[in-house]
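Hi everyone, thanks for coming. Today I'd like to walk you through one protein model, one piece at a time. Have a look at it with me.

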Amino acid sequence: MEYIIPEMEKGELHVHLNGLVSSGLVKTLLENNIIDMPQGFDLEKDLNVIKPANNLSSYLKPWDLLRFIPKSRADLTLIVFDAFENLKKCNIGFVELRNSVLYIALLNKVNVDVAMAWLLEDIARASEYYSIKAGLILTVTRGDYSLEQLRSLLDAYVKLGKPDLIIGLDLAGNEDIKVPDTLAYEFVRAKIEFGLKVTIHAGETGSFENIIIAVNGFKADRIGHGTAAIKSKKTMDLLREKNICVEVCLISNRLTNAVSASESHPVIEFINNEVPFVICSDNPSIHRSSLTQDYIEFYRETKSSIHIKKMLGMQKKFSFIEGLTCR
Ligand SMILES: [Zn+2]
């Protein structure tokens with residue numbers, strides 16, 4: 001099985017643009033732009049996480065530097081094309097890329113709609129060049145300013161004429177950080193008003209209750225990670241009954257320590273409880289890895305070739321990109 005995995009056609013439903021761009025390119029772009037390097041940061045080793053981190057904040061260390069790029073329109077194009085090049089190497093036929101856009105606007109001193117238009121243009125060009133169908137999911141970060149972030153992203157989306165390439169909304173970040181009470185309502189409103197789909201990072205480093213809030217409050221169509229679901233029968237039942245797909249990122253879960261080395265991966269319980277799931281890579285270049293490696297990790301963990309063979313169908317079925325299956 002492991003030999004045929006690299007050649008298999010795949011879909012990618014959970015990958016962050018910044019986590020997909022090659023570390024070599026990140027290094028070059030950082031070196032070309034004079035930046036105030038955070039103290040003690042080692043470019044040779046701190047751009048990657050290859051051993052389990054002690055906690056989420058130490059896992060997120062590479063982002064201390066990733067937030068300094070792209071510093072120009074041309075650098076963004078290099079990043080997007082490099083990301084697609086990495087997708088192609090894994091035989092990925094369609095991708096849902098995640099990005100928060102706001103830092104691109106801030107870094108380049110342009111309005112959010114301008115930064116969003118740049119990113120969409122690059123994704124469209126790379127998608128055509130590599131023959132990989134693509135969509136963009138707008139990521140909002142958990143915190144006091146989540147509502148403002150969501151509003152400025154949606155304002156830009158409307159200003160650009162609601163581009164079809166934007167397919168959904170995502171909430172990410174440290175689950176211990178509280179979000180404003182009205183955030184869920186605003187996600188649902190965007191879902192109804194614009195037809196955007198919703199995926200929420202939930203139950204990764206936090207409790208299974210965040211998964212229940214994501215499903216019932218945010219009306220999530222999919223859940224990112226969801227590893228904590230196995231601690232609650234009610235949550236597992238909810239995911240199965242509502243047919244909510246979990247985006248399973250095995251390598252990422254080990255490296256963030258969401259799943260410790262001594263535990264078996266929760267995906268085994270998803271299989272046993274008939275909870276739908278897809279295999280995703282989250283931040284493959286940060287992990288010096290790839291979606292192919294996540295498939296291999298899944299196979300080693302479960303010994304299930306059936307699920308690997310069915311994976312492309314599951315990815316098409318639960319993708320937010322229109323027209324992948326004959327529905
Ligand atoms: Zn993620």
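Let's begin with Glu297, which touches Leu250 and Ile251 once we leave out residues up to four places away in sequence. If you measure from C-alpha to C-alpha, Glu297 and Leu250 are 6.9 Å apart in space, although 47 residues separate them in sequence. You'll find Glu297 in helix H14. Is Glu297 buried or partly exposed? At 25% relative accessibility, Glu297 counts as partly exposed. Please keep in mind that this is a predicted model.

Now a second residue with partners from elsewhere in the chain. Asp82 sits in helix H5, which covers residues 73–89. Again leaving out residues up to four places away in sequence, Asp82 touches Leu20, Val21, Ser22 and Leu25. Take Val21: its C-alpha is 5.9 Å from that of Asp82, and the two are 61 residues apart along the chain. Asp82 has 17% relative accessibility, and that counts as buried.

Next, the metal. Which residues hold the donors of the zinc ion? The protein donors are His14, His16 and His201, each through NE2, together with Asp282 through OD. They lie 2.1 to 2.3 Å from the zinc ion. Written along the chain, the spacing of these donors is H-x1-H-x184-H-x80-D. Two of them deserve a second look: His14 is in strand E1 (residues 10–16), while Asp282 is in the loop between strand E8 (277–279) and helix H14 (291–302), so this pair ties together parts that are 268 residues apart in sequence. His14 and Asp282 are both buried. As for the geometry, the angles among the 4 donor atoms run from 84 to 168°, and the site is irregular.

On to the cysteines. For anyone new to the word, a disulfide is a covalent bond between the sulfur atoms of two cysteines. How many disulfides does a search of the whole structure find? The search finds 0. Why does Cys245 not form one? The closest cysteine sulfur to that of Cys245 belongs to Cys280 and is 7.3 Å away, which is too far for a bond. Cys280 is in no disulfide either, and its nearest cysteine sulfur, that of Cys249, is 4.9 Å away. For comparison, the cut-off for a disulfide is within 2.5 Å. Cys245 is buried, with 0% relative accessibility, and Cys280 is buried at 0% as well.

Let's turn to empty space. Rolling a probe the size of a water molecule over the atoms shows where empty space is left. Searching the whole structure turns up 1 cavity of 30 Å³ or more. The largest cavity has a volume of about 50 Å³. Its lining includes Asn18, Gly19, Val21, Ser23 and Val26, as well as Leu47, Leu66, Ser285 and Ile286. Val21 is a familiar name here, as one of the residues that Asp82 touches. Helix H1 (17–20) and helix H2 (23–32) each give at least two residues to this lining.

There is also a pocket to look at. The largest pocket holds about 860 Å³ of space. It is lined by 29 residues, and the closest to its centre are Leu60, Trp63, Ser100, Thr141 and Ala172. Several elements each supply at least two lining residues, among them helix H3 (56–59), strand E2 (92–99), helix H6 (102–108) and strand E3 (133–141).

Last stop: the backbone. Most residues other than glycine have a negative phi, and most peptide bonds are trans. Where does this model have a cis peptide bond? One joins Ile69 and Pro70, with omega at about 5°. Pro70 is in the loop between helix H4 (63–66) and H5.

Two lysines have a positive phi. Lys162 has phi near 50°, and it lies in the loop between helix H8 (146–159) and strand E4 (166–172). With a relative accessible area of 42%, Lys162 is partly exposed. For Lys219, phi is near 55°. Lys219 belongs to the loop between helix H10 (209–216) and strand E6 (222–225), and at 39% relative accessibility it counts as partly exposed.

That's my tour. Thanks for listening, and I'm happy to go back to any part of it.

Terms used. Residues are numbered from 1 along each chain as its sequence is written. This is a predicted model: local features need pLDDT of at least 70, side-chain atom pairs count only at pLDDT 80 or more; totals for chains, interfaces and linings use all residues. Side-chain values use heavy atoms; hydrogens and water are left out. Buried means under 20% relative accessible area, exposed over 50%, partly exposed in between (1.4 Å probe, protein chains only). Helices (H or I, at least four residues) and strands (E, at least two) are DSSP runs, numbered from the N terminus. Contact means heavy atoms within 4.5 Å. Donors are N, O and S atoms within 2.8 Å of the metal (3.2 Å for Na, K and Ca); water is not among the atoms, so sites may look incomplete. Four donors count as tetrahedral if all angles lie between 85 and 135 degrees; four count as square planar and six as octahedral if opposite donors are over 155 degrees apart and all others between 65 and 115; anything else is irregular. On a 1 Å grid over the protein atoms alone, a cavity is a set of points where a 1.4 Å probe fits but cannot get out, and a pocket is an open set with protein on both sides within 12 Å along at least five of seven lines; lining residues have an atom within 4 Å of a point. Grid points are joined across faces, edges and corners, and a volume is the space filled by probe spheres set on the points.
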